[in-house]
Number of protein chains: 2
Amino acid sequence: MRSLHHPGREQLDLPAVLYALSDPTRLEIVRRLAGDGELACGTFGLPATKATLSHHFKVLREAGIIQTRVEGVHRYNSLRKQDLDARFPGLLKAVLKASGPR
Amino acid sequence: MRSLHHPGREQLDLPAVLYALSDPTRLEIVRRLAGDGELACGTFGLPATKATLSHHFKVLREAGIIQTRVEGVHRYNSLRKQDLDARFPGLLKAVLKASGPR
DNA sequence: CCAATTGTTTGATTGTCGTCAAACAATAGA
DNA sequence: TCTATTGTTTGACGACAATCAAACAATTGG
(Lines give C-alpha, C1' and ligand atoms only; values in the text may rest on other atoms or scores of the structure.)
Protein backbone atom coordinates (compact mmCIF):
# COMPACT_ATOMS: atom_id res chain seq x y z
CA MET A 1 0.00 0.00 0.00
CA ARG A 2 1.13 3.48 -0.73
CA SER A 3 2.21 5.32 2.40
CA LEU A 4 -0.16 7.88 3.84
CA HIS A 5 0.50 11.42 2.83
CA HIS A 6 0.56 14.10 5.52
CA PRO A 7 1.42 17.67 4.52
CA GLY A 8 3.80 19.59 6.73
CA ARG A 9 2.56 22.29 9.02
CA GLU A 10 3.91 24.99 6.73
CA GLN A 11 2.05 23.56 3.78
CA LEU A 12 -1.41 23.83 5.27
CA ASP A 13 -3.58 25.82 2.90
CA LEU A 14 -6.56 27.74 4.23
CA PRO A 15 -8.91 27.24 1.26
CA ALA A 16 -8.14 23.52 1.28
CA VAL A 17 -8.82 23.30 5.01
CA LEU A 18 -12.09 25.21 4.71
CA TYR A 19 -13.13 23.06 1.80
CA ALA A 20 -12.41 19.86 3.69
CA LEU A 21 -14.50 21.12 6.60
CA SER A 22 -17.40 22.15 4.38
CA ASP A 23 -18.76 18.63 4.02
CA PRO A 24 -21.19 17.50 6.74
CA THR A 25 -19.77 14.00 6.93
CA ARG A 26 -16.21 15.26 7.28
CA LEU A 27 -17.28 17.85 9.80
CA GLU A 28 -18.88 15.11 11.85
CA ILE A 29 -15.67 13.09 11.71
CA VAL A 30 -13.73 16.10 12.97
CA ARG A 31 -16.21 16.66 15.78
CA ARG A 32 -15.89 13.11 17.00
CA LEU A 33 -12.13 13.24 16.87
CA ALA A 34 -12.21 16.47 18.84
CA GLY A 35 -14.14 14.72 21.55
CA ASP A 36 -12.58 11.32 21.59
CA GLY A 37 -8.99 11.92 20.70
CA GLU A 38 -8.08 8.95 18.55
CA LEU A 39 -10.42 6.71 16.62
CA ALA A 40 -10.13 3.89 14.12
CA CYS A 41 -11.85 4.43 10.78
CA GLY A 42 -14.41 1.72 11.37
CA THR A 43 -15.70 3.10 14.65
CA PHE A 44 -17.62 6.10 13.36
CA GLY A 45 -20.87 4.43 12.42
CA LEU A 46 -21.61 6.99 9.77
CA PRO A 47 -24.13 6.32 6.99
CA ALA A 48 -21.73 5.65 4.14
CA THR A 49 -19.81 2.73 2.73
CA LYS A 50 -16.24 2.14 3.80
CA ALA A 51 -15.05 3.30 0.39
CA THR A 52 -16.78 6.65 0.84
CA LEU A 53 -15.48 7.05 4.37
CA SER A 54 -11.98 6.19 3.23
CA HIS A 55 -12.31 8.97 0.69
CA HIS A 56 -13.38 11.48 3.34
CA PHE A 57 -10.50 10.50 5.60
CA LYS A 58 -8.16 11.00 2.69
CA VAL A 59 -9.50 14.50 2.02
CA LEU A 60 -9.11 15.43 5.69
CA ARG A 61 -5.64 13.91 5.82
CA GLU A 62 -4.40 15.65 2.69
CA ALA A 63 -5.75 18.96 3.92
CA GLY A 64 -3.67 18.45 7.05
CA ILE A 65 -6.61 18.28 9.42
CA ILE A 66 -6.09 14.76 10.67
CA GLN A 67 -3.20 12.38 10.96
CA THR A 68 -3.44 8.66 10.55
CA ARG A 69 -1.34 6.22 12.49
CA VAL A 70 -1.15 2.63 11.28
CA GLU A 71 -1.21 -0.05 13.94
CA GLY A 72 -1.71 -3.57 12.78
CA VAL A 73 -4.84 -3.77 10.74
CA HIS A 74 -6.24 -0.50 12.05
CA ARG A 75 -5.78 3.15 11.16
CA TYR A 76 -6.04 5.41 14.14
CA ASN A 77 -7.00 8.96 13.28
CA SER A 78 -6.50 12.07 15.37
CA LEU A 79 -6.86 15.80 14.90
CA ARG A 80 -3.73 17.83 14.18
CA LYS A 81 -4.81 20.39 16.73
CA GLN A 82 -1.41 21.88 17.36
CA ASP A 83 -0.53 22.29 13.71
CA LEU A 84 -3.92 23.79 12.90
CA ASP A 85 -3.74 26.16 15.82
CA ALA A 86 -0.22 27.24 14.96
CA ARG A 87 -1.12 27.97 11.40
CA PHE A 88 -4.72 29.16 11.79
CA PRO A 89 -5.17 30.35 15.38
CA GLY A 90 -8.67 29.97 16.72
CA LEU A 91 -10.07 28.45 13.55
CA LEU A 92 -10.61 24.90 14.73
CA LYS A 93 -12.09 26.04 17.99
CA ALA A 94 -14.51 28.37 16.23
CA VAL A 95 -15.56 25.67 13.79
CA LEU A 96 -16.13 23.14 16.55
CA LYS A 97 -18.12 25.63 18.57
CA ALA A 98 -20.13 26.67 15.53
CA SER A 99 -20.90 23.08 14.62
CA GLY A 100 -22.91 22.79 17.79
CA PRO A 101 -22.49 21.20 21.21
CA ARG A 102 -21.59 17.56 21.22
CA MET B 1 -34.47 41.52 -12.14
CA ARG B 2 -35.16 39.01 -9.46
CA SER B 3 -34.66 40.45 -6.01
CA LEU B 4 -31.51 39.54 -4.18
CA HIS B 5 -31.82 36.67 -1.76
CA HIS B 6 -30.39 37.02 1.72
CA PRO B 7 -30.90 34.18 4.22
CA GLY B 8 -31.88 35.10 7.74
CA ARG B 9 -29.40 34.90 10.57
CA GLU B 10 -30.99 31.72 11.87
CA GLN B 11 -30.66 30.04 8.52
CA LEU B 12 -26.91 30.39 8.23
CA ASP B 13 -25.45 26.95 7.64
CA LEU B 14 -21.91 26.20 8.72
CA PRO B 15 -20.95 23.85 5.86
CA ALA B 16 -22.33 26.34 3.34
CA VAL B 17 -20.37 29.17 4.94
CA LEU B 18 -17.15 27.15 5.00
CA TYR B 19 -17.69 26.11 1.43
CA ALA B 20 -18.23 29.69 0.29
CA LEU B 21 -15.01 30.70 2.01
CA SER B 22 -13.01 27.84 0.51
CA ASP B 23 -12.55 29.52 -2.86
CA PRO B 24 -9.52 31.85 -3.14
CA THR B 25 -11.39 34.47 -5.16
CA ARG B 26 -14.26 34.58 -2.70
CA LEU B 27 -11.86 34.66 0.22
CA GLU B 28 -10.18 37.66 -1.33
CA ILE B 29 -13.51 39.40 -1.73
CA VAL B 30 -14.26 38.81 1.94
CA ARG B 31 -10.86 40.12 2.95
CA ARG B 32 -11.35 43.34 1.05
CA LEU B 33 -14.81 43.83 2.46
CA ALA B 34 -13.42 43.30 5.94
CA GLY B 35 -10.96 46.09 5.36
CA ASP B 36 -13.00 48.55 3.38
CA GLY B 37 -16.49 48.18 4.70
CA GLU B 38 -18.67 48.55 1.65
CA LEU B 39 -17.65 48.07 -1.97
CA ALA B 40 -19.38 48.02 -5.33
CA CYS B 41 -18.93 44.84 -7.35
CA GLY B 42 -16.85 46.53 -10.01
CA THR B 43 -14.23 47.91 -7.68
CA PHE B 44 -12.41 44.72 -6.82
CA GLY B 45 -10.07 44.50 -9.76
CA LEU B 46 -9.91 40.74 -9.55
CA PRO B 47 -8.73 38.62 -12.48
CA ALA B 48 -12.10 37.34 -13.64
CA THR B 49 -14.92 38.45 -15.88
CA LYS B 50 -17.90 40.25 -14.44
CA ALA B 51 -20.00 37.14 -14.98
CA THR B 52 -17.64 35.09 -12.85
CA LEU B 53 -17.50 37.74 -10.15
CA SER B 54 -21.27 38.02 -10.14
CA HIS B 55 -21.38 34.29 -9.55
CA HIS B 56 -18.99 34.52 -6.60
CA PHE B 57 -20.96 37.36 -5.05
CA LYS B 58 -24.07 35.27 -5.39
CA VAL B 59 -22.47 32.32 -3.60
CA LEU B 60 -21.30 34.59 -0.77
CA ARG B 61 -24.69 36.26 -0.56
CA GLU B 62 -26.66 33.04 -0.47
CA ALA B 63 -24.37 31.63 2.19
CA GLY B 64 -25.20 34.70 4.27
CA ILE B 65 -21.66 36.06 4.33
CA ILE B 66 -22.32 39.32 2.53
CA GLN B 67 -25.29 41.55 1.96
CA THR B 68 -25.89 43.55 -1.17
CA ARG B 69 -27.54 46.92 -1.19
CA VAL B 70 -28.80 48.28 -4.48
CA GLU B 71 -28.25 51.95 -5.12
CA GLY B 72 -28.88 53.19 -8.60
CA VAL B 73 -26.81 51.18 -11.00
CA HIS B 74 -24.46 49.87 -8.32
CA ARG B 75 -24.56 47.02 -5.87
CA TYR B 76 -22.79 47.79 -2.65
CA ASN B 77 -21.57 44.76 -0.79
CA SER B 78 -20.70 44.48 2.86
CA LEU B 79 -19.85 41.71 5.29
CA ARG B 80 -22.59 40.46 7.62
CA LYS B 81 -20.19 40.58 10.51
CA GLN B 82 -22.76 40.75 13.25
CA ASP B 83 -24.84 37.89 11.92
CA LEU B 84 -21.79 35.73 11.37
CA ASP B 85 -20.44 36.47 14.79
CA ALA B 86 -23.75 35.82 16.46
CA ARG B 87 -24.12 32.48 14.77
CA PHE B 88 -20.49 31.36 14.55
CA PRO B 89 -18.51 33.26 17.21
CA GLY B 90 -14.91 33.85 16.32
CA LEU B 91 -15.10 32.15 12.95
CA LEU B 92 -14.83 35.18 10.69
CA LYS B 93 -12.04 36.66 12.75
CA ALA B 94 -10.08 33.42 12.68
CA VAL B 95 -10.53 33.06 8.93
CA LEU B 96 -9.44 36.64 8.28
CA LYS B 97 -6.43 36.24 10.51
CA ALA B 98 -5.55 32.92 8.91
CA SER B 99 -5.84 34.35 5.42
CA GLY B 100 -2.86 36.52 6.13
CA PRO B 101 -2.25 40.20 6.89
CA ARG B 102 -3.71 42.65 4.46
C1' DC C 1 -1.22 -21.85 5.07
C1' DC C 2 -5.96 -20.27 5.22
C1' DA C 3 -9.70 -17.35 6.47
C1' DA C 4 -11.44 -13.23 8.61
C1' DT C 5 -10.91 -8.33 9.41
C1' DT C 6 -9.80 -3.53 8.26
C1' DG C 7 -9.10 -0.23 5.19
C1' DT C 8 -7.43 1.50 0.40
C1' DT C 9 -7.77 1.78 -4.56
C1' DT C 10 -10.00 1.46 -8.98
C1' DG C 11 -13.64 2.17 -12.25
C1' DA C 12 -17.98 3.91 -13.16
C1' DT C 13 -21.79 7.00 -12.55
C1' DT C 14 -24.01 11.08 -11.36
C1' DG C 15 -23.99 15.63 -10.18
C1' DT C 16 -21.92 20.11 -9.11
C1' DC C 17 -18.48 23.94 -9.75
C1' DG C 18 -15.74 27.61 -11.92
C1' DT C 19 -15.30 29.97 -15.97
C1' DC C 20 -16.44 32.59 -20.06
C1' DA C 21 -19.11 34.93 -23.92
C1' DA C 22 -23.33 36.68 -25.08
C1' DA C 23 -27.74 38.36 -24.14
C1' DC C 24 -30.44 40.80 -20.94
C1' DA C 25 -32.09 44.29 -17.31
C1' DA C 26 -31.89 48.56 -14.85
C1' DT C 27 -30.31 53.02 -14.07
C1' DA C 28 -28.09 57.56 -15.08
C1' DG C 29 -26.83 61.17 -18.09
C1' DA C 30 -26.76 63.76 -22.37
C1' DT D 1 -35.04 58.96 -26.38
C1' DC D 2 -30.54 57.21 -27.07
C1' DT D 3 -26.36 55.64 -25.08
C1' DA D 4 -23.14 54.33 -21.62
C1' DT D 5 -22.48 51.96 -17.41
C1' DT D 6 -23.11 48.26 -14.01
C1' DG D 7 -24.31 44.00 -12.91
C1' DT D 8 -27.23 39.56 -13.56
C1' DT D 9 -28.67 35.54 -16.12
C1' DT D 10 -28.30 31.95 -19.52
C1' DG D 11 -26.01 28.39 -21.99
C1' DA D 12 -22.09 25.86 -22.69
C1' DC D 13 -17.83 23.48 -21.57
C1' DG D 14 -14.24 21.13 -19.02
C1' DA D 15 -12.80 19.84 -14.51
C1' DC D 16 -13.69 18.04 -10.30
C1' DA D 17 -16.39 15.73 -6.32
C1' DA D 18 -19.38 12.32 -3.86
C1' DT D 19 -20.87 7.90 -3.99
C1' DC D 20 -20.88 2.86 -4.52
C1' DA D 21 -19.45 -2.03 -5.76
C1' DA D 22 -15.75 -4.78 -6.57
C1' DA D 23 -11.06 -5.90 -6.39
C1' DC D 24 -6.97 -5.48 -3.83
C1' DA D 25 -3.52 -5.18 0.13
C1' DA D 26 -1.98 -5.94 4.83
C1' DT D 27 -2.35 -7.88 9.20
C1' DT D 28 -4.05 -11.17 12.74
C1' DG D 29 -5.73 -15.52 14.48
C1' DG D 30 -6.54 -20.32 13.94
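Trainee: Is B:Glu28 buried, partly exposed or exposed?

Mentor: Partly exposed, at 22% relative accessibility. Keep in mind that this is a predicted model.

Trainee: What does B:Glu28 form a salt bridge with?

Mentor: With B:Arg32. The closest N and O atoms are 3.0 Å apart. B:Arg32 is partly exposed too, with a relative accessible area of 22%.

Trainee: Where do B:Glu28 and B:Arg32 sit in helix α2 of chain B?

Mentor: They are 4 residues apart in that helix, so about one helical turn separates them. In general, an α-helix has 3.6 residues a turn, so residues three or four places apart point the same way.

Trainee: How many salt bridges over all chains?

Mentor: The structure holds 12. One of them joins the side chains of A:Glu71 and A:Arg69, at 2.5 Å, N to O. A:Glu71 is partly exposed, with 42% relative accessible area. A:Arg69 is partly exposed as well, at 34%.

Trainee: And B:Arg69, what does that one form a salt bridge with?

Mentor: B:Glu71, with the closest N and O atoms 2.5 Å apart. B:Arg69 counts as partly exposed at 35%, and B:Glu71 is partly exposed at 43%.

Trainee: Which residues are linked in a network of salt bridges?

Mentor: A:Arg9, A:Arg80 and A:Asp83 are linked that way.

Trainee: Switching to the interface. How many salt bridges does the rule find across chain A and chain B?

Mentor: It finds 0. Residue pairs in polar contact between the two chains, both at pLDDT 80 or more, also number 0.

Trainee: Which elements give two or more residues to chain A's side?

Mentor: On the side of chain A that touches chain B, they are α1 (14-21), α2 (24-36) and α5 (91-98). That side divides into 13 nonpolar residues, 3 polar and 1 charged.

Trainee: What about the area buried between the chains?

Mentor: About 1400 Å², with carbon and sulfur atoms giving 83% of that. In residue terms, 17 of chain A are in contact with 17 of chain B.

Trainee: What operation superposes chain A on chain B?

Mentor: A rotation of 180°, with 0.0 Å of shift along its axis and an RMSD of 0.0 Å. That is the relation of a two-fold axis. The copies meet through the same surface, because 100% of the interface residues of chain A are also interface residues in chain B.

Trainee: Back to α1(A). How many of its residues are buried?

Mentor: 6 of the 8, so this helix is largely enclosed by the rest of the structure. The buried ones are A:Leu14, A:Pro15, A:Val17, A:Leu18, A:Ala20 and A:Leu21.

Trainee: What covers them?

Mentor: Parts of both chains. The cover includes α2, α3 (50-62) and α5 of chain A, together with α1, α2 and α5 of chain B.

Trainee: Then there's A:Ser22. Where is that?

Mentor: In the loop between α1 and α2 of chain A. A:Ser22 is buried, with a relative accessible area of 10%. Leaving aside neighbours within four places in sequence, A:Ser22 is in contact with B:Pro15, B:Leu18 and B:Tyr19.

Trainee: Last one, A:Leu84. Buried or exposed?

Mentor: Buried, at 5% relative accessibility. A:Leu84 lies in helix α4 of chain A, residues 81-87.

Trainee: What does A:Leu84 touch?

Mentor: Not counting residues up to four places away in sequence, A:Leu84 touches A:Leu12, A:Gly64, A:Ile65, A:Pro89 and A:Leu92.

Definitions and conventions:
Residues are numbered from 1 along each chain as its sequence is written. Chains are lettered from A and ligands numbered from 1 in the order in which they are written. This is a predicted model: local features need pLDDT of at least 70, side-chain atom pairs count only at pLDDT 80 or more; totals for chains, interfaces and linings use all residues. Side-chain values use heavy atoms; hydrogens and water are left out. Contact means heavy atoms within 4.5 Å. Buried area is the accessible area (1.4 Å probe) that two parts lose on being put together, summed over both. A salt bridge is a side-chain nitrogen of Lys or Arg within 4 Å of a carboxyl oxygen of Asp or Glu. A polar contact is a pair of N or O atoms within 3.5 Å; within protein, one must be able to donate a hydrogen and the other to accept it, and residues adjacent in sequence count only if both atoms are side-chain atoms. Ala, Val, Leu, Ile, Met, Phe, Trp, Tyr, Cys and Pro count as nonpolar, Asp, Glu, Lys and Arg as charged, and the others, Gly among them, as polar. Buried means under 20% relative accessible area, exposed over 50%, partly exposed in between (1.4 Å probe, protein chains only). Copies are superposed by least squares on the C-alpha atoms of residues with pLDDT of at least 70 in both.
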